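Student: I've got a new structure open and I'd like to talk it through with you. Can we go step by step?

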Amino acid sequence: MSHADHDDDDDPSVSLESEVVDALVEEDDARSDPQPPATFEDVLPGELVLYPLGGRPFFPGMLTPIQVEGWPYFDTILQAMESPGRMFGIILSHSEDGQEVFNPEKLYRVGTVARILEAAVNKEDKQIKLLAEGISRFEVREMIRRDPPLVARVAHHYKAPGPVDPDAIKPYTMAIINTLKEILKYDSLYQEQVKMFLSRHNFSEPDRLADFVASMTSSSRDELQDVLDTIPIRERLEKVLTLLKKELEMVKLQDKISKQVEQGIAEHQRQFFLREQLKEIQKELGITKDDRTADVDRFKERVAKLTLTEEATKRIQDELDKLSVLEPSSSEYGVTRNYLDWLTVLPWGVFSQDKLDLRRARRILNRDHDGLDDVKDRILEFLAVGKLKGEVGGSIILLVGPPGVGKTSIGRSVAEAMNRKFYRFSVGGMRDEAEIKGHRRTYVGAMPGKFIQAMRHTGFSNPIIMLDEVDKIGASYHGDPASALLEVLDPEQNGEFLDHYMDVRFNLSKVLFICTANQMDTIPRPLQDRMEVIRLSGYITEEKLRIARHHLVPKQLEKNGLTPDDLKLGVSALRVIIDGYAREAGVRRLEQKICSIARKAAVKILDGAEKPIIIERLKVEEFLGKPDFRDEKPLQGVGVVTGLAWTAMGGATLDIEAARVNPEGEGFKLTGNLGDVMKESAQIAHSFILSTCAKLGGDPERLKGIIHVHVPEGATPKDGPSAGVTLSTALLSLARDEPLPRRLAMTGEITLTGQVLAVGGIREKVIAARRVGIRELVLPEACRKDYEEVPDYIREGFTVNFVRRYAELAKIVFGSTYK
């Protein structure tokens, strides 16, 4: 309905903006307050008490409430109330807060004379509430009192100096009024201020208009003080017009932003209301349900597809009944819903179909791995038994071997060969039992353990779960995860595995568990008893060469964006890398070196090098720098013997040195960062050789004095009993004053009666001997079976002597007969 149809005086909807705009247009009819009498300027005091401000300046014609408390503000206003006409000066300070505002040096020169209209004084609390009215400008000429309360001699500027030409002033006045009209369209707060101004003044007073408009803007304190400092009316109007134009632009921008925000909010609210209406309509038509009903129906649909145990069925039904009466907004609803989500998402009675085709399994294992024939055979035997039985039941396999020999990748290959889902997680460093058996639901953020999570992730009840690094599992005050694994990895118990969060027994008996470890020493004995151990030894050079050509080189070429036409690694270059840079038992270091070559080749290709880049043995050092390993001449001489050792990184050779350092003294000195077991072996060897030295062809006199036995590479910790025969041979060589006639290596534990006992890690030790070029070995007779299990291609070229007693070893090495 338009305004033309109604009289404005009768229409209550006429806005305040219309009233103000009419007042601005009808300027000639506006009310005019009477001017002060001609003698008013004469009664303005020549001295004023100064009240400094820290914020914005105070203009003539303004009314402002002031509340002061404490010294020096209270004393200043109290003195102003006692001044003639209750007048005082309000002046801006360069300082914005603190006592600094009362510093006379920081006061501006021009301020406003104010008159106290009303005042309420509370002398006990030193508080004053007052209403002050601005009268006119003043200028400080001289400070009479420089300590609070401040008093100054002033000059008043009640009227603009000189005659004022109305025709020269009117364009500025109209420009200000028109700009003010524009501002009033955008912001209602300005309308209130204009209405208050019109109640006391009119727009025919240009000086009052200028001061009012300046005070209503959001300009800076310095800009406003500049207006206050300007006495000539025309110049003041020019400055005020500039400030008002800036205010108009800012108000327009604010209005634009507000409309954009309101439009976005309105659209969002509109969509919200439409969605709510749609929900209600769908509910009435039976098309949709509320959140609680939808949740219950979804869980029931899941349950219908599962083969649940009686216990699980009862628990799910109980929880569904509880969910049906809970409010969706309650915290208990969220806990129950999450619990039901886990209960119904587990693969109860869902099994994948095994593929027990041995030919296919052999093809997959050979495709993914070179070497490891004995390990592949063990896995194929395991699958063959499963094929005869018709299923592969839950079993626990432990793959033990040095880093980088392919333990984890073998697990993936087994999963592919059997057509089972594969889930891997590491238990290395795990210290909380709840990681295995879950948290109780009473805890905030409780979750099931890793095994239940594996079931949900794979979607089947018979996946292959790999537990990496079981030899590095920890223990703390949170519990012992290794003990918690006992139930999981026991085929007699895991058919009714109870997770703390689920609180319902779940069948893990069909799961094939594959564990990996670098060594078995740190695995608890009860846990070892539940596992079938398959050992993975390190690779020899020929195996590494095949692995590099068939797997590592193609993988790194693809990873670094290269093709076989960009980079060619020759066999001779790979041999140099294996022998000079990657002698460890696994192939991880070898892969890193091939990756390094591929990256450098990529840089050369981008720099314009001709393709393909061919790497031969002589160019390897250009890409990889000096070799990490060099073919050093083996230690030789009296008292020097090479032993064989086993470490978590695989097999290694160990040179042992013995020397008499002081014929006059007496003692037995051991160095080389040896462990307690190895120190005991050295003591046993020393005692045995001392007691049988003459019978073995040695001179007991050469063992008198201080004997020093050293195992080189002192920074590397060494321990174990397998160096017993090596230590004995080093001492016998010293007693005979005769070096070993040929290069050979040996291992075995020695006793005080000269028996040579069995030791472990024979395969790794044989590989270590082959790696350094030793082809004659002395091993305990009890290790013959272990040696015969070493693949033929590794044993090829070796001369192996098996001994039961040390006298046999002495005869083999020195040709001496036990007397």
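Student: How are α11 and α13 oriented to each other, roughly parallel or roughly antiparallel?
Tutor: Keep in mind that this is a predicted model. The axes of α11 and helix α13 (residues 407-418) cross at roughly 150° and come within 9 Å. An angle over 145 degrees counts as roughly antiparallel. So the answer for α11 and α13 is roughly antiparallel.

Student: Which residues of α13 meet α11?
Tutor: The crossing of these two helices, α11 and α13, is right-handed. On the α11 side you'll find Arg 360, Ala 361, Ile 364, Leu 365, Arg 367 and Asp 368. On the α13 side they meet Ser 413, Glu 416, Ala 417 and Met 418.

Student: How many charged residues are in the contact of α11 with α13?
Tutor: Split the residues of that contact of α11 with α13 by type: 5 are nonpolar and 1 is polar. That leaves the charged group, and its count is 4.

Student: And how do α11 and α12 lie, roughly parallel or roughly antiparallel to each other?
Tutor: Helix α11 (residues 358-368) packs on helix α12 (residues 373-389) at an angle of about 155°, and their axes are 10 Å apart. The cut-off is over 145 degrees for roughly antiparallel. Therefore α11 and α12 are roughly antiparallel.

Student: How many nonpolar residues are there in the contact of α11 with α12?
Tutor: α11 brings Leu 358, Ala 361, Arg 362, Leu 365 and Asn 366, while α12 brings Lys 376, Ile 379, Leu 380, Leu 383 and Ala 384. In that contact of α11 with α12, 1 residue is polar and 2 are charged. The nonpolar count is 7.

Student: What about α3 and α5: is the crossing left-handed or right-handed?
Tutor: Start with the geometry: the axes of helix α3 (residues 166-186) and helix α5 (residues 206-216) come within 11 Å and cross at roughly 35°. As for the hand, α3 passes α5 in a crossing that is left-handed.

Student: How many charged residues sit in the contact of α3 with α5?
Tutor: From α3 come Ile 169, Thr 173, Ile 176, Ile 177 and Leu 180, and they meet Pro 206, Leu 209, Val 213 and Met 216 in α5. The contact of α3 with α5 divides into 8 nonpolar residues and 1 polar, and the charged count is no residues.

Student: Is Ser 728 buried or exposed?
Tutor: Ser 728 is in helix α23 (residues 724-736). Setting aside neighbours within four places in sequence, Ser 728 is in contact with Ala 685, Phe 688, Ile 689, Ile 750 and Tyr 806. Buried means under 20% relative accessible area. Ser 728 is at 0% relative accessibility, so it counts as buried.

Student: How many disulfides does a search of the whole structure find?
Tutor: A disulfide is a covalent bond between the sulfur atoms of two cysteines. Cys 515 counts as buried at 0% relative accessibility, and Cys 595 counts as buried at 10%. For the whole structure, the number of disulfides found is 0.

Student: Which peptide bond is cis with omega near -5°?
Tutor: One cis peptide bond joins Trp 71 and Pro 72, but there omega is about 0°. Pro 72 lies in the loop between β2 (63-69) and α2 (73-81). For the bond you're after, look in the loop between α20 and β15, where Pro 612 is found. The cis bond with omega near -5° runs from Lys 611 to Pro 612.

Student: Where is Arg 86, and what is its phi?
Tutor: Arg 86 lies in the loop between α2 and β3 (87-92). With a relative accessible area of 30%, Arg 86 is partly exposed. Although Arg 86 is not a glycine, it has a positive phi, and the value is about 50°.

Student: What is the phi of Asp 737?
Tutor: Asp 737 is in the loop between α23 and β20 (745-746). At 47% relative accessibility, Asp 737 counts as partly exposed. Asp 737 is not a glycine, yet its phi is positive, at about 55°.

Student: To finish, what percentage of the residues of the chain count as buried?
Tutor: The chain has 27 helices and 24 strands. Of its 819 residues, the share that counts as buried is 46%.

How values were computed: Residues numbered from 1 in each chain as written. Predicted model: local features only at pLDDT ≥ 70, side-chain atom pairs only at ≥ 80, totals over all residues. Heavy atoms only, no water. Axes fitted to C-alpha atoms, helices over the stretch in contact; angles between N-to-C directions. Helix = DSSP H or I, 4+ residues; strand = E, 2+ residues; numbered from the N terminus. Parallel < 35°, antiparallel > 145°, perpendicular 65-115°, else oblique. Contact = heavy atoms within 4.5 Å. Nonpolar A, V, L, I, M, F, W, Y, C, P; charged D, E, K, R; others polar. Disulfide = S-S within 2.5 Å. Buried < 20%, exposed > 50% of the residue type's maximum accessible area, 1.4 Å probe, protein only. Left-handed = near helix turned anticlockwise from the far one by under 90°.
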